Amino acid sequence: MDYDERKMFWRGKTTFIVLCVIYSLLFLAGVFVQNFLFVDYARVFISIFLIVISFSFNLAFGAPGFWITTAYTIIQMIFYTYVYTQRKDETTIVLIGLSLLSLIILTLFQFFINRVSGRLDKLNRKLAIEKARRINSETTALIERNMVASGQQGIIVKHESIKDNDELKKSLHSSRDVALDSLTTLPNRHAISEHGDVKIYEYNRAYQDAAEIGKDFNINPIYVIYLTVHDDIRFSPSNGHIVVDLFIQTMAHRLREAADYSDFVGRIANNEFAVITTRFKEDSEVKAYAHSLSLALNDECEGKFYAGIAQYPRDSIYAGDLVTKAESALYKAISNDEEIGFYVSDKPNDRAVFLDRIEIDELKVLFDKAFEENELYMVYQPRFDADLKLTGFEAFVRWEFPGKGTVDTTDFLFYAEKTGHIYRLGEFSLMQAFETLARINKVDPNLTMTVNLSTTQLHMPDLQIDLLAAAEGVGINLKNLIIDIPSDGATINIQEVQNTLDALASSGIKMALDNFGRSYSSLNSIPLMPISLVKLDGNFTAALKEGSSQGVLTHSIISLLNEIDIPVDATGVGTQGQFERLKNYGCTYFQGNHLSEPILQGNVLEYVKSQKN
C-alpha cells in the first residue's frame with residue numbers, strides 16, 4: 001500500500017488508523033442493518049450513505065483510502081449477490097447496482113487524482129527550478145556589480161552580511177566561477193570534485209527513477225583515475241619554473257588528447273591530474289584505459305607513469321572522498337612500484353560491503369523488515385563547549401542487521417537511496433530526533449539537536465513543508481534545531497535548494513556545514529548558504545600533530561572562520577591531546593568518543609539530568 005503522506009489531508013498514521021476503524025464500523029454496520037430492513041427506500045438510503053462515506057474516506061487518505069474502500073465495496077457486492085439468491089427481490093438488484101456505481105466512482109476519482117497530482121508535481125518542479133534560476137541570476141548580477149564597484153574579489157563574508165547588508169554584498173562567486181587551472185586551462189581541483197558530485201547525483205536519481213518504474217538498473221559506476229609521471233629530469237626545480245610549467249602544459253595537452261572526449265580531465269596540482277569516467281563497468285576495462293593514457297604520456301616523458309583508481313559506489317559515496325582515495329591508491333602504487341593501483345581499504349569494515357552482494361529487490365525487503373521489526377534505532381552524540389558543558393546532541397540512526405551486528409548510518413545510507421527508502425529513513429530519524437529534543441528541552445530548554453540530511457533529501461520539493469509540519473506537530477523550539485548540510489555535494493545545483501535552505505533558516509533553524517575538511521571541501525560554499533556552524537570532519541582532526549602541516553592548516557581554517565563569526569565544531573575528538581589542541585586553535589564545540597560515546601535514545605534524558613547536577 002502506498003502510504004504517501006503528501007497526498008493526504010490528515011498525515012498522522014494514528015489518525016489514519018482511528019478513522020479507518022470508524023469507517024469500517026460504519027460500513028459494516030450499514031450493510032448489517034440493511035439485511036434486517038424491509039423498507040426499500042431505507043435500504044437504498046443506507047447504500048447512498050455508504051457511497052458518500054467511502055468517497056470521503058478515499059478523498060481524505062489517497063491511495064490507502066482507495067484500496068480500503070474498494071475492498072469493502074467488493075465485499076458489499078458479494079454480500080448483496082448472496083442476499084439476492086436468497087430473497088430474489090428487486091431492491092437488492094438496485095443495491096448491487098449502487099455498489100457497482102460506487103466502485104466506478106471511486107476508480108475514476110482515484111485515476112483523476114493521480115493524473116492531476118502527477119501534473120502538479122511536474123509543474124511545481126518546473127516553477128521551483130525557474131524561480132531558483134531567476135533568483136540565482138539576480139543574486140549573481142548584484143554581487144558582480146558590488147564587486148566591480150568595490151574593486152574587491154574573493155572576499156569571504158558571512159551569509160547574513162550578503163543577505164541583509166547592501167554595502168557588504170561581496171562573496172566568492174568570482175573565485176568559485178573560475179573553475180579552470182590557469183596554467184593548463186583544464187578544470188581545477190575544485191571543479192573536479194564538483195563534477196564528481198554532479199555525476200553521483202545523476203547516478204542516484206537514475207537509480208531511483210529505475211526503481212520507481214520497476215526497470216532494471218543498468219548504469220556504469222563512476223571511476224576516478226588519479227595519475228602522475230615521475231620524471232626527475234623534466235620536473236626538476238633546477239630547470240626553473242618556466243621550463244617545468246611548459247612540461248606540465250605539454251603533459252596536460254597530451255592527456256586531454258588521449259582521453260575520451262566524454263571523460264572529465266582536470267589538474268589537481270603540479271604534475272598530478274585526474275580523469276573521471278563513467279564508460280566502464282569492470283575494473284579490468286578502466287585499468288586498460290589507464291594504461292592507454294600512460295602510453296600517451298610516456299611518449300612525452302622519460303619517467304614512469306603511475307595511476308590510482310577508486311570507484312563509486314564501492315569505495316566511497318562522496319565525490320571528494322573518492323578523489324582522495326584514488327590519490328591514496330596512486331601513492332600506494334608508487335610505493336609498490338606498480339604502474340596502476342586500485343584503492344583497497346585499510347579498514348575491514350570501511351563500509352558495509354556485504355550489502356553490495358545483495359540484489360536490489362532483496363535489499364528492499366530487508367529495509368522493509370528493518371522498519372517493521374524495529375531493527376533501526378537512534379543514538380545521540382553529545383556536543384560540548386570548551387568548558388565541557390553539554391550544549392546539545394547529534395542524532396544518528398543505526399541498523400542492527402541480523403547476523404552482522406550494528407551498521408552505522410554512513411554504511412547503509414547509500415543503499416537506502418538506491419532502494420528509495422531514504423525518504424522513510426529520513427522521516428524516521430527526524431521524528432525520533434524531534435521527540436527526543438522535546439523531552440530534553442523540558443529539562444534544559446537551551447540544548448540543541450542536530451539532524452543530518454542527505455543530498456537526496458535536500459532536493460525533495462516538499463522538504464521545507466514536511467520538516468516544519470513535523471516540528472510543529474511535536475512542538476519543538478525551532479531555534480534549538482540544527483540541520484547538517486553535507487559539504488560533499490552541497491553545491492550541486494545549489495539554485496535548486498537555495499530557496500529551501502533560506503526558508504528554513506528564516507524560520508529560526510540553524511544550518512551546519514558537515515564533514516568540512518573531508519577531501520576537497522571548499523570555503524567558497526560557506527557564504528553561498530545560510531551557514532551558522534562549520535563541522536570539521538573527524539578524519540581531518542584525527543591526525544593532528546604539533547607543527548605538522550595538518551595542524552597548521554586546521555589552525556588556519558579555524559582562525560579564518562572565527563574571523564567571520566562562524567563557530568567551528570570539531571567532530572571525532574578521540575584523545576585529550578586532540579581536544580586541548582583544537583581548543584587552543586579556537587574551536588567552539590567538540591564531540592567525539594573521548595568526551596562521550598553515542599547514547600541510546602532511552603538513556604538520553606537521564607544523561608541530561610546527570611549533566612545538570
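Are phenylalanine 280 and tyrosine 289 buried or exposed? Both residues are buried. The views below come from a predicted model.

**View 1. Phenylalanine 280 and tyrosine 289 form a tilted aromatic pair.** A pair of aromatic rings is described by the distance of the centres and the angle of the planes. Here the ring centres of phenylalanine 280 and tyrosine 289 are 5.2 Å apart. Their planes meet at 40°, so the pair counts as tilted. A search of the whole structure finds eleven aromatic pairs.

**View 2. Tryptophan 399 and phenylalanine 412 pair edge-to-face.** The two ring centres lie 5.5 Å apart, with 80° between the planes. Planes over 60 degrees apart count as edge-to-face, so this pair earns that label. Tryptophan 399 sits in strand β7 (residues 390–401). Phenylalanine 412 sits in helix α11 (residues 409–419). The pair therefore ties together parts that are 13 residues apart in sequence. Tryptophan 399 is buried, at 1% relative accessibility. Phenylalanine 412 is buried too, with a relative accessible area of 0%. Both belong to one aromatic cluster, formed by Phe367, Trp399, Phe401 and Phe412.

**View 3. Helix α9 spans residues 319–335.** This helix has 17 residues. From its first C-alpha to its last, α9 reaches 25 Å, close to the 24 Å expected at 1.5 Å a residue. Buried residues of α9 include Leu322, Ala326, Ala329, Leu330 and Ala333. An α-helix has 3.6 residues a turn, so residues three or four places apart point the same way. Charged names also appear among the buried residues of α9, including Asp321, Lys325 and Glu327. Aspartate 337 follows α9, and its phi is positive, near 55°.

**View 4. Five residues make a nonpolar surface patch.** The patch covers about 460 Å² and is made by Val18, Ile22, Leu26, Phe45 and Phe49. Helices α1 (13–34) and α2 (40–87) each give two or more residues to the patch. Which element gives the largest share? That is α1, with three residues. Phenylalanine 49 lies in helix α2. Its relative accessibility is 37%, so phenylalanine 49 counts as partly exposed.

**View 5. Glutamine 578 reaches a backbone nitrogen.** Glutamine 578 is found in helix α18 (residues 576–585). Its relative accessible area is 9%; buried means under 20%, so glutamine 578 is buried. Which residue does the side chain of glutamine 578 reach? The partner is glycine 574, through its backbone nitrogen, at 2.9 Å.

Note on methods:
Residues numbered from 1 in each chain as written. Predicted model: local features only at pLDDT ≥ 70, side-chain atom pairs only at ≥ 80, totals over all residues. Heavy atoms only, no water. Patch = residues over 30% accessible without salt bridge, like charges linked within 9 Å, V, L, I, M, F, W, Y side chains within 5 Å. Areas by Shrake-Rupley, 256 points an atom, 1.4 Å probe, with all protein chains shown as cover. Salt bridge = Lys/Arg side-chain N within 4 Å of Asp/Glu carboxyl O. Helix = DSSP H or I, 4+ residues; strand = E, 2+ residues; numbered from the N terminus. Buried < 20%, exposed > 50% of the residue type's maximum accessible area, 1.4 Å probe, protein only. Polar contact = N/O pair within 3.5 Å; in protein donor to acceptor, adjacent residues only side chain to side chain. Expected span 1.5 Å × (residues − 1). Phe/Tyr/Trp six-rings, centres within 6.5 Å; stacked < 30°, edge-to-face > 60°.
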